[in-house]
Each structure stands twice: as C-alpha cells, then as structure tokens.
Amino acid sequence: MKKFLFLILLISLKVLAGFDTLPANINSPMFKYGVFSSLEQKYEKDGQLWNLGDLRSIEFDSKMLSKISPDAKTLINALDAFGQRHGQIINYGVLKFDINPSIQYFAPVYAYGIRSNWTIALGLPIITYSNNINLSTVNSNLDSFRSVYSGRVSEELDRALNLDIKQEVLKTIQQRGYKPLESRNEQYLSDIQVISIYKFLQSSQYDLFYSTQLGLPTGPKYDPDDLAALNIFGQTSIDNTVAAKLKGKYGFNFTPSLSYLYTLPDQVTARVPFNEDDSLPDITQKENVERRISGKLTAKGEMQLEVNNDLSFSTSYSQSQKGDDTYVGIGNSRYDLIGINTYAREEKYSLGVNYNTISAYFKKKALLPFILSYEFSDIFKGENINRRTLHEFSFVMFF
C-alpha cells in the first residue's frame with residue numbers, strides 16, 4: 001500500500017517562457033500563474049491511462065486480511081474450522097481511494113539584461129497543493145456470512161464479522177508510524193530557480209541559445225512518513241538546454257531544443273521494504289540513504305506564428321524520458337525496491353497565444369510595454385507517469 005498515493009509528476013517549472021534575451025540593462029518583472037489538473041489519472045507502464053483511485057484500490061480477500069488485521073485472521077481460521085473452507089472465500093470488499101489532487105503555482109520572476117545576448121533571472125515559485133482523499137468499501141460478501149454465523153458462535157467471531165476494514169487500514173497506517181491519511185490544502189515556497197539565457201550566435205536566418213536553469217533545494221524535504229506527500233521538491237537540479245530559433249517567412253518561426261535535467265545526489269531518510277510484498281514498511285525500517293534521481297532528457301519542437309506586431313500564436317510537441325532512481329545505503333537492505341518503477345516517459349503538446357504592446361509603446365500608442373500570454377498543455381501519452389493538463393497565464397513588463 002505504500003505507493004497508493006504516490007504521484008510521479010516530474011514537474012519542472014520553466015519560469016522563463018521561450019528563448020530570447022533582453023536588451024542590455026533592461027529590467028523585466030514577470031508574474032506566472034498555472035494550474036495543473038488531471039493528476040488523478042496515471043499512465044501505467046503499459047501506456048494505459050487509469051484513474052489513480054482505481055489503481056490504488058485494494059481487495060481485502062483472505063490473504064490480504066491476514067496481513068492487515070489479527071481479528072480478521074481469527075475469523076478466517078474460525079470459519080475454516082467449520083469446513084468447506086469458508087474462511088478462504090470471505091471478502092470484506094474493495095477499499096476504494098477517491099483521490100483528487102491538484103497543484104497551483106504563482107511565480108514572481110525578475111529578469112535583467114546583462115548584455116544584449118545574455119539575460120539572467122530569478123524565480124520564486126509558490127506552490128499550492130490540495131488533495132481531497134476519501135475512502136469507501138464496496139463489493140463485500142460479509143452479509144451472507146453474518147446471516148449464518150452472527151450471534152451463534154462467539155463474541156470474538158461476531159467482532160470479526162463486524163470489522164470496519166477502512167478503520168483497520170487507517171489504524172495500521174498509524175501503528176506503522178505514518179501521518180494520518182487525510183485531505184490537505186497547503187502552500188509553500190518551492191525550489192527557487194536561477195536562470196541564465198545566452199545567445200551565442202545570431203544571424204538573419206537563425207539564433208542559437210544556451211540556457212541553464214539552476215534549482216535550489218528551498219522546497220519541502222522528502223517525507224517518508226507522509227503517504228500523500230508530493231516529495232518532488234527540496235532538490236538541487238541543473239537543467240541545460242540548447243535551442244535554435246529558425247526564422248521563416250510570413251511570420252513563421254520554428255524552435256527545436258534539447259534539454260537534460262540533472263538532479264544532484266542527496267541524502268534522505270527513507271523506509272526500506274523487506275521484500276517485494278512489503279508495501280507499507282514500518283517506522284523501524286527507516287534508514288539514511290543516498291538518493292540518485294535519474295536524469296530527464298527532453299526533445300521539443302515549437303512553431304510560432306507572428307500575426308502582426310501585437311499578436312502571435314504557438315504550438316509545440318515534446319517528448320521526455322528518465323530512468324529508474326536508485327538508492328544506496330550502508331547495510332544489506334533491499335534499497336533497490338525504493339526506486340522501483342520510478343522510470344517515466346511522456347509526450348506532451350501545447351497551444352499558446354501572446355499579446356504584446358512593445359511596438360505600440362514605441363509608437364506612443366500604449367501606456368506600458370508588456371506581454372500577456374496564455375498556454376495550455378497536456379500529456380497525451382506516457383508510461384508510469386501522471387497525466388497533467390496545465391493552464392498557465394503570464395504577464396511580463398519592461399523598463
């Protein structure tokens with residue numbers, strides 16, 4: 001059960017959109033607001049899209065019951081003693097997890113043109129994470145057993161027949177040292193981003209850029225005791241990107257890019273499973289381990305159409321993939337099980353529109369020079385990753 005709320009998100013907040021540099025000595029404050037939705041859906045390792053709640057639902061048959069509840073195990077043994085192996089066919093039903101996570105972010109960004117071909121920026125992403133969690137049970141066959149055995153054998157058997165499996169699971173989670181499994185709505189500063197964009201070649205036909213985005217570990221640390229935590233912040237990362245802006249005719253531009261996100265190894269406290277069946281490791285299984293997040297490679301192509309000096313549209317397609325993460329400890333524990341199935345692959349498209357007043361400002365037709373943008377993106381195909389749809393708004397000023 002350890003991973004029934006785990007979200008593989010691979011969220012990299014690009015606090016600067018597109019590739020371009022500011023003129024020398026120009027300041028540019030930016031405000032970005034985005035909403036991630038559809039996180040309750042996940043592409044499994046075979047590429048099939050499932051609801052996360054359905055994937056994490058647990059059927060409490062006799063085998064699972066014996067692991068979770070001593071009372072249920074007593075019931076199974078007692079019913080088996082009556083013959084016909086009734087204890088082996090009893091089923092407390094399916095425990096369903098109704099999980100509805102969402103993430104919003106607000107990122108004030110300050111950019112400055114050091115030279116006409118070099119811009120630096122600082123972004124402070126503020127994350128609002130909410131998750132409505134509800135548990136319920138369906139498809140139990142307990143009523144048929146109650147009609148036969150209730151009140152006729154023993155109080156111990158009656159107690160087992162009236163066991164609330166939802167409460168048993170919550171009690172087990174608590175006994176093993178996890179935080180209460182409940183809905184949350186929390187806000188915090190994410191990993192601060194420091195960005196450099198350098199235009200190292202410029203011509204009438206194309207521009208070439210090199211961008212580095214440094215993520216600082218200012219967000220929440222990895223929490224092994226919270227089953228609903230995102231656990232994707234508090235990391236030091238470097239995202240290197242090479243891009244070419246190809247200038248076409250009739251307002252068309254094409255920007256292919258290749259980027260690699262590298263996360264520096266760090267030390268975290270994690271719960272180490274005993275074996276493949278140990279899905280909810282106990283608090284006594286905590287160890288300090290070295291975490292090595294696998295790098296993420298992204299290839300992207302973006303097409304822009306400049307309708308006029310004020311209005312432009314864009315669309316893009318990107319493909320990303322990463323390998324399994326690895327964890328290393330000093331003992332002989334199954335550290336390999338912590339990072340199992342953490343590889344991911346995704347394909348994403350986006351649509352965007354930009355309105356700017358820069359040209360109008362220089363013609364004395366606008367009060368302020370600014371750019372107002374909207375972008376929609378969606379992961380339409382993937383493996384071992386949550387689906388993410390994004391609505392993002394940004395407002396950029398210059399002075």
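**Strand pairing, salt bridges and ring contacts in a predicted model**

Lys42 stands opposite Trp50 in S3. The model is a predicted one. The partner of S3 here is strand S2, which covers residues 41–43. The two strands run antiparallel and are joined by 3 bridges. They belong to an open sheet of 3 strands, ordered S3-S2-S20, with antiparallel pairing. Strand S3 (49–51) and strand S20 (385–386) are the edge strands. Each has a single partner strand, so one side of each is left without a neighbour in the sheet. Strands of a sheet pair through backbone hydrogen bonds, in a parallel or an antiparallel sense.

The protein chain as a whole contains 8 helices and 21 strands. It has 399 residues, and 46% of them count as buried. Its accessible surface is about 20000 Å². Carbon and sulfur atoms contribute 55% of that surface. Contacts were also sorted by sequence separation. Among those in the protein chain with a separation of 6 or more, 70% are between residues 24 or more positions apart.

A further set of strand pairings centres on S9, which spans residues 193–202. Strand S6 (residues 118–123) pairs with S9 over 6 bridges, in the antiparallel sense. Within this pairing, Trp118 is placed opposite Tyr198 of S9. S9 is also joined to strand S10 (residues 206–215), by 9 bridges. These two strands run antiparallel as well. Lys199 faces Phe209 of S10 across the pairing. S9 and S10 make up a hairpin, with 3 residues between them.

Leu95 illustrates a buried position. This residue lies in strand S5, which covers residues 94–115. The relative accessible area of Leu95 is 0%, and a residue counts as buried under 20%, so Leu95 is buried. Residues up to four places away in sequence aside, Leu95 touches Ser57, Ile58, Phe60, Leu135, Ser136, Thr137, Lys166 and Val169. One of these, Thr137, is 42 residues from Leu95 along the chain. The C-alpha atoms of Leu95 and Thr137 are nevertheless separated by 4.5 Å.

The structure holds 18 salt bridges. One of them joins Glu392 to Lys32, with the closest N and O atoms 3.1 Å apart. Glu392 is in strand S21 (residues 389–397), and Lys32 is in strand S1 (residues 27–37). The pair therefore ties together parts that are 360 residues apart in sequence. Glu392 and Lys32 are both buried.

Another salt bridge forms between the side chains of Arg334 and Glu276, at 3.3 Å from N to O. This pair also links distant parts of the chain, 58 residues apart. Both partners are in loops. Arg334 is in the loop between strand S17 (326–328) and strand S18 (344–356). Glu276 is in the loop between strand S13 (266–271) and strand S14 (286–292). Arg334 counts as partly exposed, at 28% relative accessibility. Glu276 counts as exposed, because its relative accessibility of 56% is over the 50% limit.

The side chains of Glu290 and Arg292 meet in a salt bridge with an N to O distance of 2.7 Å. Glu290 has a relative accessibility of 23% and counts as partly exposed. Arg292, at 37%, also counts as partly exposed. Salt bridges further link Arg184, Glu186 and Asp226 in a network.

Aromatic rings were examined next. The search of the whole structure finds 10 aromatic pairs. Ring pairs link Tyr317, Tyr349, Phe376 and Phe380 into a cluster. A contact between a charge and a ring occurs elsewhere in the model, at Arg271 and Tyr178. The charged end of Arg271 sits over the ring of Tyr178, at 3.6 Å from the ring centre.

Definitions and conventions
Residues are numbered from 1 along each chain as its sequence is written. This is a predicted model: local features need pLDDT of at least 70, side-chain atom pairs count only at pLDDT 80 or more; totals for chains, interfaces and linings use all residues. Side-chain values use heavy atoms; hydrogens and water are left out. Rings of Phe, Tyr and Trp (its six-membered ring) pair if their centres lie within 6.5 Å; planes under 30 degrees apart count as stacked, over 60 as edge-to-face and the rest as tilted. A charge sits over a ring if NZ of Lys or CZ of Arg is within 6 Å of the ring centre and within 35 degrees of the ring normal. Two strands pair if DSSP finds at least two bridges between them. Helices (H or I, at least four residues) and strands (E, at least two) are DSSP runs, numbered from the N terminus. Buried means under 20% relative accessible area, exposed over 50%, partly exposed in between (1.4 Å probe, protein chains only). Contact means heavy atoms within 4.5 Å. Accessible areas come from the Shrake-Rupley method with a 1.4 Å probe; for residues, only the protein chains shown count as cover. A salt bridge is a side-chain nitrogen of Lys or Arg within 4 Å of a carboxyl oxygen of Asp or Glu.
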